Amino acid sequence: MTSTQKTTLKPFDLMIIILTVGSALTYSLIKGQFELLGTVALLMGVTGTVLSAKRSIWNFLFGAVNVSLYAIIAYKTSNYGQACLNALYYLPMQFIGWWAWSHRKADGEKSKVKSRSMTTSQMIWAVLGTALGTLVLWYVLGHYTDASQPLKDGFVTTVFIVGQILMTLAFWQQWYFWLAGNILNVVLWAVVMAQGEMLGGLMLIKYSMYTINSINGILIWRKSSKD
């Protein structure tokens, strides 16, 4: 099988993208309005995460656009932890990630990274770091900002910081952290949508698709690390 064949989007990948577009359009019709910022962020984000699950370096291109728009969206809905996370951390990490993956390509594949596995001690430190970071951000957001959901915001912010580091280092266990954060984000944005915010529904669709793709990412990256 050639490298071109290996990087072709499979039916599952296309299903996620098509389902995303269909859900976004349906939601916009139901609400009777179209939110350009949220829709573009939704499409860029889902496409990027699908490419990420396939170990494609091109995910960082879509990621750069997605995190820039998402920072604005999070700020507008008072999720300040995620706003700072995307603007000050995720955005520069897209370029760092591109550089790191370009130096760790899979054999015979120009645009795919070679995945690897964490040791038990590395995993323990990652979990402990996530717990500590969550507690610190929960306190800061709860006492010094008007964040609407400080605990959820703090956890999602921290778990995604750790996930991005593991992604840059090409550890397949990154997907456990993405999965945990995406599930919490579904809850977070469901609350925002229930409050009548148009962007909440679009972000709910986005992170629902992310959650599904996270499971796919675990399967693909774990198998790759063994191979």
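**Exercise 1. Take stock of the whole protein.**
Task: find what share of the 227 residues of the protein counts as buried, and describe the fold in outline.

Solution.
Step 1. Of the 227 residues, 49% count as buried (under 20% relative accessible area; exposed is over 50%, partly exposed in between; 1.4 Å probe, protein chains only).
Step 2. Note the kind of model. It is predicted: local features need pLDDT of at least 70, side-chain atom pairs count only at pLDDT 80 or more, and totals for chains, interfaces and linings use all residues. Residues are numbered from 1 along each chain as its sequence is written, and side-chain values use heavy atoms, with hydrogens and water left out.
Step 3. List the elements. The protein has nine helices and zero strands (DSSP runs numbered from the N terminus: helices are H or I, at least four residues; strands are E, at least two). From the N terminus on, the order is α-α-α-α-α-α-α-α-α.
Step 4. Check the overall size. A compact globule of 227 residues would have a radius of gyration near 17 Å, and the protein agrees with 17 Å (taken over C-alpha atoms; the globule rule is 2.2 Å times the number of residues to the power 0.38). Along the principal axes, the C-alpha atoms fill a box of roughly 50 × 40 × 25 Å.
Step 5. Look at contacts (heavy atoms within 4.5 Å). Among those with a separation of 6 or more, 75% join residues 24 or more positions apart.

**Exercise 2. Follow helix α4.**
Task: compare the end-to-end distance of α4 with its expected span, then find which helices its buried residues pack against.

Solution.
Step 1. Helix α4 covers residues 59–76. Its 18 residues should span 26 Å at 1.5 Å a residue, and its end C-alpha atoms are 25 Å apart, which agrees. The expected span is 1.5 Å times one less than the number of residues.
Step 2. Pick out the buried residues of α4: Asn59, Phe60, Gly63, Ala64, Asn66, Val67, Leu69, Tyr70, Ala71, Ile73 and Ala74.
Step 3. Name their partners. They pack against α3 (36–53), α5 (80–102), α7, α8 (174–194) and α9 (198–226).
Step 4. Examine the pair α3 and α4. Their axes come within 8 Å and cross at roughly 145 degrees. Axes are lines fitted to C-alpha atoms, for helices over the stretch in contact, and angles run from 0 to 180 degrees between N-to-C directions.
Step 5. On the α3 side, the contact includes Leu37, Met44 and Leu51; on the α4 side, it includes Phe62, Leu69 and Ile73. By type, the contact residues are 10 nonpolar, seven polar and no charged (Ala, Val, Leu, Ile, Met, Phe, Trp, Tyr, Cys and Pro are nonpolar; Asp, Glu, Lys and Arg are charged; the others, Gly among them, are polar).

**Exercise 3. Explore helix α7.**
Task: describe how α7 packs with α6, and decide whether glutamine 164 is buried or exposed.

Solution.
Step 1. α7 has 19 residues and reaches 27 Å from first C-alpha to last, close to the expected 27 Å.
Step 2. Helix α6 (residues 120–144) and α7 (residues 150–168) pack at about 140 degrees, with axes 8 Å apart. Their contact residues are nine nonpolar, eight polar and one charged.
Step 3. Glutamine 164 lies in α7. Its relative accessibility is 3%, so it counts as buried. Its neighbours beyond four places in sequence are Phe60, Tyr89, Tyr90, Met93, Gln94 and Trp178.
Step 4. Methionine 167 is also in α7. It is buried too, at 5% relative accessible area. Phe60 and Trp178 are among its contacts, with Ser52, Asn59, Trp101 and Gln174.

**Exercise 4. Inspect the loops.**
Task: find where arginine 55 and alanine 170 lie, and which sign of phi they have.

Solution.
Step 1. Recall the background. Most residues other than glycine have a negative phi.
Step 2. Arginine 55 is in the loop between α3 and α4. Its phi is positive, about 65 degrees. It is buried, at 10% relative accessible area.
Step 3. Alanine 170 sits in the loop between α7 and α8. Its phi is positive, about 65 degrees. It is buried, at 1%.
Step 4. For another loop, take glutamate 197, between α8 and α9. It is partly exposed, at 31% relative accessibility. Beyond four places in sequence, glutamate 197 touches Tyr27, Thr77 and Val192.
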